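Subject: A structure for you to explore

Hi,

Here is the structure I promised to pass on to you. Have a look at it first, and then read on for what turned up in it.

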Amino acid sequence: KAVPIELENSFRWSTYFNISQNKNTMLTLPESYREEGFSEDLGYGGFESIVFEDTNLGGIFGYRAKGVYARDEDTYVRDRNNNLVYDENGRPRRLRYQTATGVEFEGGDMIYEDINHDGLINELDVVQIGDANPTCLGMWRNDFTYKTWSLGVSFYYSIGQDVINGTRYEIENMDYGMNQATSVERRWKKQGDVTDMPRALEGDDRNYVASSRFVEDASYVKLKELSLTYNFNRDLLKRTFLKSLKVYVSAQDLFCISKYKGINPEIGYNAGRANTIAIDKQQTPSPIRVTFGVTANF
């Protein structure tokens, strides 16, 4: 809705604001899916989207990451009361990956929440770790007019959308033979190191599986358009053959405010999927565009 404000018949300000929210609910599923839900592999890093009845499309599922183990002894299994769990030989049990005979977690490995406290990190610990549906989105437009000058300012915003940062997944996994981001330089290297970047492991994916480590809030506010226009006074044009004349300059996508770590928080949904998930596959952000123009009526 436009809200005009006028001062002394020479200044006018009109502002437009809208806000929207999209909601969806899965009302019913086939009998075979009702207990475990409809699961779809997103084809990217092992992330899944699972839909149950009375829930929404767009849920992101994976492990809940909680940092990096500083020391080997931090990987000991604890029960629901935070008490150490011992093996048959009376030694503290180590958390294992996938199975009871799987590799043991060590200092420098990612911490994943053991949801059921069974001492294993596997599919039973997969939970919802994000929602690709924005809480709200919209725009705010302002038009200012002072005598023969006009200024237009448009902001776009999106709040609360979770995005799988596939770019970070690719350049922070420290897989052998791949280029990596400079952020991996702060990786865990020795017992006692306190960091958010796990150690480098060759041929072992436990530190870069689908988890909340790569799911980020992509909320943003973007200056979508800024335009300045000068309309020549009609009295000046009486001496010419012109009925009207204006010159303008406009710019699009000048800046974006966001805590998202990728290069562009405006991530669309993963096309072709039953469950609409936002995945950042290194999309190129919109470039800054500047336009100069002249409009004349004869």
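Here is a question to start with: are Asp253 and Lys222 buried or exposed? Both Asp253 and Lys222 turn out to be buried. Please keep in mind throughout that this is a predicted model.

**Salt bridges**

Asp253 and Lys222 are also partners in a salt bridge, with their closest N and O atoms 3.5 Å apart. This pair links distant parts of the chain: Asp253 sits in strand E16 (residues 244–258) and Lys222 in strand E15 (residues 220–231), 31 residues apart.

How many salt bridges does the structure hold? The count is 19. Another of them joins Arg94 to Glu104, where the closest N and O atoms are 3.6 Å apart. Here Arg94 belongs to the loop between strand E6 (65–68) and strand E7 (96–97), while Glu104 belongs to the loop between E7 and strand E8 (110–112); the two are 10 residues apart. Glu104 is partly exposed, with a relative accessible area of 29%.

A third example is Glu106 with Arg199, whose side chains meet at 3.8 Å, N to O. Glu106 is in the loop between E7 and E8, and Arg199 is in the loop between helix H1 (166–171) and strand E14 (215–217), so this salt bridge ties together parts that are 93 residues apart in sequence. The two partners make a nice exercise in reading accessibility. Glu106 has a relative accessibility of 31%, so it counts as partly exposed. Arg199 has a relative accessible area of 16%, so it is buried. This pair also belongs to a network of salt bridges that links Glu106, Asp109, Arg199, Asp204 and Arg206.

**Strands side by side**

Now find strands E11 and E12 in the viewer. They run antiparallel and are joined by 11 bridges. Across from Asp143 you will find Gly152 of E12. The hairpin of E11 and E12 has 2 residues between the strands, and Lys147 in this hairpin takes a positive phi near 55°.

E12 also pairs with E15, again in the antiparallel sense, over 10 bridges. One pair to look up here is Ser154 and its bridge partner in E15, Glu225.

**A nonpolar patch**

Which residues form a nonpolar patch on the surface? They are Tyr146, Trp149, Leu151, Leu226 and Leu228, with about 430 Å² of accessible area together. Strand E12 (149–159) and E15 each supply at least two residues of the patch. Leu151 is in strand E12, and its relative accessibility is 31%, so Leu151 counts as partly exposed.

**Aromatic pairs**

A pair of aromatic rings is described by two things, the distance of the centres and the angle of the planes. How many aromatic pairs are there? The count comes to 13. Take Tyr63 and Tyr112: their ring centres are 5.4 Å apart and their planes stand at 40°, so this pair is tilted. Tyr63 lies in the loop between strand E5 (59–62) and E6, and Tyr112 lies in strand E8, 49 residues apart. Both Tyr63 and Tyr112 are buried.

Compare that with Trp140 and Phe155, which form a stacked pair at 6.0 Å centre to centre and 25° between the planes. Trp140 comes from strand E11 (residues 136–146) and Phe155 from strand E12, 15 residues apart. Trp140 is partly exposed, with a relative accessible area of 37%, and Phe155 is partly exposed too, at 22%.

Ring pairs also link Tyr63, Tyr69, Tyr97, Phe105 and Tyr112 into a cluster.

**Cysteines**

How many disulfides does a search of the whole structure find? It finds 0. Cys136 is in no disulfide, and the nearest cysteine sulfur, that of Cys256, is 15 Å away. A disulfide needs the two sulfur atoms within 2.5 Å. Cys136 is buried, with a relative accessible area of 15%, whereas Cys256 is partly exposed, with a relative accessible area of 32%.

Enjoy looking around, and write back with any questions.

Best wishes

Definitions and conventions
Residues are numbered from 1 along each chain as its sequence is written. This is a predicted model: local features need pLDDT of at least 70, side-chain atom pairs count only at pLDDT 80 or more; totals for chains, interfaces and linings use all residues. Side-chain values use heavy atoms; hydrogens and water are left out. A salt bridge is a side-chain nitrogen of Lys or Arg within 4 Å of a carboxyl oxygen of Asp or Glu. Helices (H or I, at least four residues) and strands (E, at least two) are DSSP runs, numbered from the N terminus. Buried means under 20% relative accessible area, exposed over 50%, partly exposed in between (1.4 Å probe, protein chains only). Patches are made of residues with over 30% relative accessible area and no salt bridge: like charges are joined within 9 Å, nonpolar side chains (Val, Leu, Ile, Met, Phe, Trp, Tyr) within 5 Å. Accessible areas come from the Shrake-Rupley method with a 1.4 Å probe; for residues, only the protein chains shown count as cover. Rings of Phe, Tyr and Trp (its six-membered ring) pair if their centres lie within 6.5 Å; planes under 30 degrees apart count as stacked, over 60 as edge-to-face and the rest as tilted. Two strands pair if DSSP finds at least two bridges between them.
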